[in-house]
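Take a look at the model below. The paragraphs after it go through its parts one by one.

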Amino acid sequence: MADSTNKVIISTKEASGDVYDFPEKIPLLPLRDIVLFPHMIIPIMVVREASIEALQTSLMHEKYLFLVLQKSPDTEIPEVNDINNIGVIGRILQVLRLPNGSAKVLIEGLARASIKKLKKEDSHFIVYANFAEKGFEETPRLKAFVRNVVNNFSSYVMLSKTIPDEVLISISQINEPQRLADTIAAHLLIKNEYKQKILETATTEEQLTAISRYLTEEIEIMELEHSIDNEVRERLQKSQKDFFLHEQMRVIKEELGEEETDSDIKELELRVKRSGMPVEAMSKAKEEVKKLRKMHIMSPESAVVRNYLDWLLSIPWKKRTRDNLDINKAKIILDEDHYGLDEAKERILEYLAVLKLSKKMKGPILCFTGPPGTGKTSLGRSVARAISRKFVRMSLGGIRDEAEIRGHRRTYIGSMPGRIIQNMKKANTRNPVFLLDEVDKIGMDFRGDPSSALLEVLDPEQNNSFNDHFLEVDYDLSEVMFITTANYEDAIPPPLRDRMEVISLSGYLEYEKAGIAERHLIPKQMEASGLKKKQVVFDRKAVLRIIRNYTSEAGVRNLERSIANICRKVARKVVTKKIN
C-alpha cells in the first residue's frame, strides 16, 4: 500500500477542529446490517474472506477502514454496483481474533466520505475517497431544528423499551449540531436504508429534517402501541378484579350458609330434574352443574361446561311419538306415495305387523338397494308418514372421520356430539324413523373407521347403550327405526351388511314409469311451474315416447327432468300469451 497521504483537516464545529491524517488509499469493509455514523464506536463481526483480508491490510498500515452499507444484505461477495457511494472512514480501536478465523473489531467512526474511485487488490477493494463535509451556519432556524429534534428524541427514548436513558445524558452534552444529528441518527430504531439516506443528506439542516420526520412517525406508532397495551392491561386487571370479588362473595356466602341465588344455575338444575334422564346421565348433569356453580362466568372452561349441559338437556330422553300401526292405512299411504315396488311394500308391512304384535324393535335393519331414482329415500319418508313418526335423514356419503358418528372429545371449545345425536336432537323424539342414506359410500382414513362406529348404532343387541364421546353417557337408540339405503349392495362394508336385511329395488318397467309419471311426476311439475290442468295435457302415448326416446335409466329422475323441461316451455308460451 502506498505511503503517500492526503492530509485532511475537519474544520466543522462538530469535530472541534480535530486534524486527521488519512492515507490516499483505504481498504473497503462492506457492512451487511449496520450503518456507521461519525463519532460512533461500534463492535463489528468480520467473517467474509475479503473483509478479513481488508482488515489485515488495514492493521499492517494506518488502521483505517472505509465502512459503507452494501445495498442488499444477502449479497455474499459485493461488487462495485452492490455498494452505496457514501460511507464513513473509521479507525480500528481493538481486534479480537476468534477460533473460527473470524474477528470481532471495535471501530470508531471519524469522518463522512464518498467513493471517488474503487480499485480491487486481491479479493478486497481499495477506496480513493472524497471527504463529504456537511457545512452549516448557526441560524435561528437551525437552532429551532436542533431543539425540536432533541425534544422529539427525548419522547422517543421515554417510549422505547430498548434505548437506555443514559443516551439522553450523552445527547445533552453535545453542542455541535452535526455531531448531535449523527449521534441521534445512530440510535434510531429504523431500517438501515433510512439511516443510509440520513447519512447521505447534503447539509446538517436536511439531516435534522429527515431525523425529525422519522421521529414523529415512530412516536405516533409507539404511542398507539402503548395505548393498546394499556387498554389490554386495564381489561385484564378488571377481569382479575371481578374474578377476585366473585370468589370473595362465594366464600362469604359459604361461610354464612346462604344459598346461591344465581337464576341461570337454578334454571339449569330445574331443567335437569325435569329432563327424564336415566340415573347415569342425571348424575353426570348434576355434577357438571355443581362444577359450573364454582366457575367464574368469564372462564373458557365455563363455556365448555355450559355447552355440554345445553346439549345434554336438548336431546330427547323421554319424549316419544305415538305409533299408528294400522296396517291397512299404512298400505294405503305406501300405495299413494309409490307406484309398484310390491316386494318392498310387502316387507315393510310385515315389519310393521311384527312391531304391532311384539312392541319391540329387535328385527333386522331394512336396507333398500338399487340404482338412483328408484325411490329408496322417499320410501323411508313414506314409512315415517305411515306410522306417524318423525323422519330424519343423515347422508353417509364421503364420511371418513369416526367423530362424525361418535362425536368429539370434550377437550376444547367448539367440540360437538356426533351426527347421530345431532339428528336425534333435530327429531326431538326418541323413536323417529332414522334414514341412513348412501351407506355404501362410507370412507376410512387415519381418523378412524366410521363403519365400525355404525355397528353399535345399527346392532339391536347393543344400541340401547350407544356412547357418544361428547356426551360421555349412554343413550338409548333401541326405539329408533333405522332404515338404510345404498346404490350397490357389494359396496356396503361386510360387518354392516351382516346386520341388515337387503331389499333390492331393481328398477321400473315402462308401464310402471308411465304410472309414476301420471300419478306423481306430472302433477308435481305442473304445480312447480304454475300450470293449470287445461294448459297442458300429457297423454299416455306422449309419456311412453318420452320414456322410450329420451330416458334410459332404472329410476325416474331423468323422466322427471324431461317432464319439468316440457312444463317450463309451456309456462313460457303461457306467459307470452301463445297459449291461453
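**An enclosed strand and its partners**

Start with strand β5, residues 64–69: 6 of its 6 residues are buried, so the strand is largely enclosed by the rest of the structure. Bear in mind that this is a predicted model. The side chains of β5 go two ways. Tyr64, Phe66 and Val68 point one way, Leu65, Leu67 and Leu69 point the other way, and all are buried.

Which strands pair with β5? One is β3, residues 26–31, which runs parallel to β5 and is joined to it by 4 bridges. Here leucine 29 stands opposite leucine 67 of β5. Another is β6, residues 86–97, which pairs with β5 in the antiparallel sense, also over 4 bridges. In that pairing, leucine 65 of β5 stands opposite glycine 90 of β6.

**A strand with two faces**

Now turn to strand β4, residues 41–46, where the side chains alternate. Ile42, Ile44 and Val46 point to one face and are buried. Ile41, Pro43 and Met45 point to the other face and are not buried. β4 has a partner in strand β7, residues 103–121. The two pair in the antiparallel sense, over 6 bridges. Isoleucine 44, one of the buried residues of β4, stands opposite valine 105 in β7.

**Two loop residues with positive phi**

Follow β7 to its end. Aspartate 122 lies in the loop between β7 and β8, the latter spanning 124–131. Most residues other than glycine have a negative phi. Aspartate 122 is not a glycine, yet its phi is positive, about 60°. Is aspartate 122 buried or exposed? Its relative accessibility is 71%, so it counts as exposed, the cut-off being over 50%.

Further along the chain, glutamate 438 sits in the loop between β11 (433–437) and α15 (450–458). Its phi is also positive, near 60°, and glutamate 438 is a residue other than glycine. Glutamate 438 is partly exposed, with a relative accessible area of 22%.

**A helix with one buried face**

Helix α5 covers residues 192–200, and its buried residues are Lys195, Gln196, Ile198 and Leu199. Seen down the axis of α5, these buried residues fall within an arc of 160°, so they line one face of the helix. The spacing of a helix helps here. An α-helix has 3.6 residues a turn, so residues three or four places apart point the same way.

**A bent helix and its cover**

Next comes helix α17, residues 510–529. Where does α17 bend? The bend is at alanine 517, by about 50°. Alanine 517 is itself buried. Other buried residues of α17 include Glu512, Lys513, Ile516, Leu521, Gln525 and Met526. What covers the buried residues of α17 includes two helices, α18 (540–550) and α19 (557–575). Just after α17, glycine 530 takes a positive phi of about 75°.

One pair of residues links this region across the sequence. Alanine 564 lies in helix α19. At 8% relative accessibility, alanine 564 counts as buried. Alanine 564 and glutamine 525 are 39 residues apart along the chain, but their C-alpha atoms are separated by 5.5 Å.

**Cysteines**

How many disulfides does a search of the whole structure find? It finds 0. Cysteine 367 is buried, with a relative accessible area of 0%. Cysteine 567 is buried too, with a relative accessible area of 0%.

**The whole chain**

Finally, step back. The secondary structure of the protein chain comes to 19 helices and 15 strands. Of its 580 residues, 45% count as buried. The C-alpha atoms fill a box of roughly 120 × 80 × 60 Å, taken along the principal axes. The radius of gyration is 43 Å, whereas a compact globule of 580 residues would have one near 25 Å.

Contacts give another view of the chain. Consider those between residues at least 6 apart in sequence: 71% of them join residues at least 24 apart.

Terms used
Residues numbered from 1 in each chain as written. Predicted model: local features only at pLDDT ≥ 70, side-chain atom pairs only at ≥ 80, totals over all residues. Heavy atoms only, no water. Buried < 20%, exposed > 50% of the residue type's maximum accessible area, 1.4 Å probe, protein only. Pairing = 2+ DSSP bridges. Bend = angle between axes of the 7 residues up to and from the residue. Contact = heavy atoms within 4.5 Å. Arc of directions from axis to C-beta. Disulfide = S-S within 2.5 Å. Rg over C-alpha atoms; globule rule 2.2 N^0.38 Å.
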